[in-house]
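Let's take a walk along one helix and see what sits on either side. Have a look at the model first, then read on.

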Amino acid sequence: MLDKDELMSLIAESLDVDRSSIDETTTSETIDEWDSLGHLSVLSALDEVTHGKASGVEELASALSIVELIKILSNAELLDPSS
């Protein structure tokens, strides 16, 4: 199970941006690299670290903010929301 810091690091790595530019207020509108290709990269990385479980969570495809990702992954029991 991921924690919030691991999620943010994964997103930063997937988007090829500095980790310090990613926090809970980050959205696809605040990071230029979070375009459609960047989003696919994030989804692919999430699927890899969750051993394929993230691909079964349809809501992830439309999540365009860290807050949304945290909520969806928490509800799917793929992220520890208390971390």
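At the N-terminal end of H2, Asp-35 acts as a cap: one of its side-chain oxygens lies 3.3 Å from the backbone nitrogen of Leu-37. This is a predicted model, where local features need pLDDT of at least 70, side-chain atom pairs count only at pLDDT 80 or more, and totals for chains, interfaces and linings use all residues. Residues are numbered from 1 along each chain as its sequence is written, and side-chain values use heavy atoms, with hydrogens and water left out.

H2 covers residues 36-49; helices here are DSSP runs of H or I with at least four residues, strands are E runs of at least two, and both are numbered from the N terminus. Past its end comes His-51, with a positive phi near 55°.

Which residues of H2 are buried? They are Gly-38, His-39, Val-42, Leu-43, Ala-45 and Leu-46, where buried means under 20% relative accessible area, exposed over 50% and partly exposed in between, using a 1.4 Å probe and protein chains only. Because they cover an arc of only 165° around the axis, they sit on the same side of H2; the arc is taken from the directions from the helix axis to the C-beta atoms. An α-helix has 3.6 residues a turn, so residues three or four places apart point the same way. On the other side of H2, you'll find Ser-36, Leu-37, Leu-40 and Glu-48 exposed.

What do the buried residues of H2 pack against? Their partners are strand S1 (2-3), H1 and helix H3 (66-75). From H1, Ser-14 is in contact (heavy atoms within 4.5 Å) with Ser-41, Val-42 and Ala-45, leaving aside neighbours within four places in sequence.

Note on methods: A polar contact is a pair of N or O atoms within 3.5 Å; within protein, one must be able to donate a hydrogen and the other to accept it, and residues adjacent in sequence count only if both atoms are side-chain atoms.
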